[in-house]
Amino acid sequence: MTADPQAATKTGYDAETVASLTADATAIMARYPDPRSGLLPMLHLVQSVDGYVSRDGILFCAEMLGITAAEVSAVATFYTQYKRHPNGTYTVGVCTNTLCAVMGGDAIFDELSDHLGVGHDETTDDGAITLERIECNAACDYAPVVMVNWEFFDNQTPETATALADKLRLGDDVVPTRGAASVCSFKQMSRVLAGFPDGRADEGTGAGEPTLVGLKVARERGWTAPEAPAAGGAAEGAAAGQTSPPVGTPGSSAERKPATSSDTETGKDKKPGEDAK
Ligand code: FES
């Protein structure tokens, strides 16, 4: 540890919270050769207590790691998973990345936004839901996808998504389409992201039928992945039966023939927009 944990009492946390946070943060720091590498999980840890990265949380991390509050803030404000204001019990993330968007993700977000009366990264008045546009969750085979505290709700529509949101606000149980059998709170999820597993990571099905279709077809047809390029360059590649040299070796595709003036002229010789003609 690089700093006196008692210094963390300069935060507004009570003694019990400081003791608990200090024990957990010490365990996080011990995972890394350089304790300050533990800052990312430590920020999740303070979110698991406060529901966001609070001023006290920033001070706590700084004191524990022996860095400045400004350095902690610089990291906390860079990543969207670190919240700068109190988050709802549930983050409802609508994937509006390319595939989900064209499959209806934008329509789902718009419907939810109207229904809940909040926009991106805003929280409903009852504190239940923070609505977000999110990027691809590698679940494109189930597009459009909605995540609730990072649990999958696949193949959603505006109607199913609003019904899901209503249940969450009422405190009713909801069951993710895949993975864990229930949805935990934002604070509980943050503790898992801090590296303290809740034992549910392997619950349920991860890769469902659509995910495995490609594998099934490949097996039926006897398709296999090509061999990895042999180490040691073109000679070894040729000896291994490769028809083209590995990338980066003489004769590989990286050595393409000059095709435009950019390949043959220096910048000072070239007129603006010449290649665009
Ligand atoms: S684009 Fe939505 S999960 Fe990939």
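These questions and answers go through a predicted model, its helix α5, its main core and its sheet. Residues are numbered from 1 along each chain as its sequence is written. Because the model is predicted, local features need pLDDT of at least 70 and side-chain atom pairs count only at pLDDT 80 or more, while totals for chains, interfaces and linings use all residues.

Q: On which residue is the kink in helix α5 centred?
A: Helices (H or I, at least four residues) and strands (E, at least two) are DSSP runs, numbered from the N terminus. Helix α5 covers residues 98-116 and has a kink of about 70 degrees, the bend at a residue being the angle between axes fitted to the seven residues ending there and the seven starting there. The centre of this kink is Gly-104.

Q: Which element gives the most residues to the largest nonpolar core?
A: A nonpolar core is a set of buried Ala, Val, Leu, Ile, Met, Phe, Trp, Tyr and Cys residues joined through C-beta atoms within 7 Å, where buried means that 20 or more other C-beta atoms lie within 10 Å of a residue's own, with C-beta atoms placed from the backbone. The largest such core has 28 residues, and the elements that give two or more include β1, β3 and α6. The most, 5 residues, come from α5.

Q: Which strands stand at the edges of the open sheet?
A: Two strands pair if DSSP finds at least two bridges between them, and the 5 strands here follow the order β2-β3-β1-β4-β5 with mixed pairing. Each edge strand has a single partner, so one side of it is left without a neighbour in the sheet; these strands are β2 and β5.

Conventions. A residue is buried if 20 or more other C-beta atoms lie within 10 Å of its own, exposed if 12 or fewer, and partly exposed in between; C-beta atoms are placed from the backbone.
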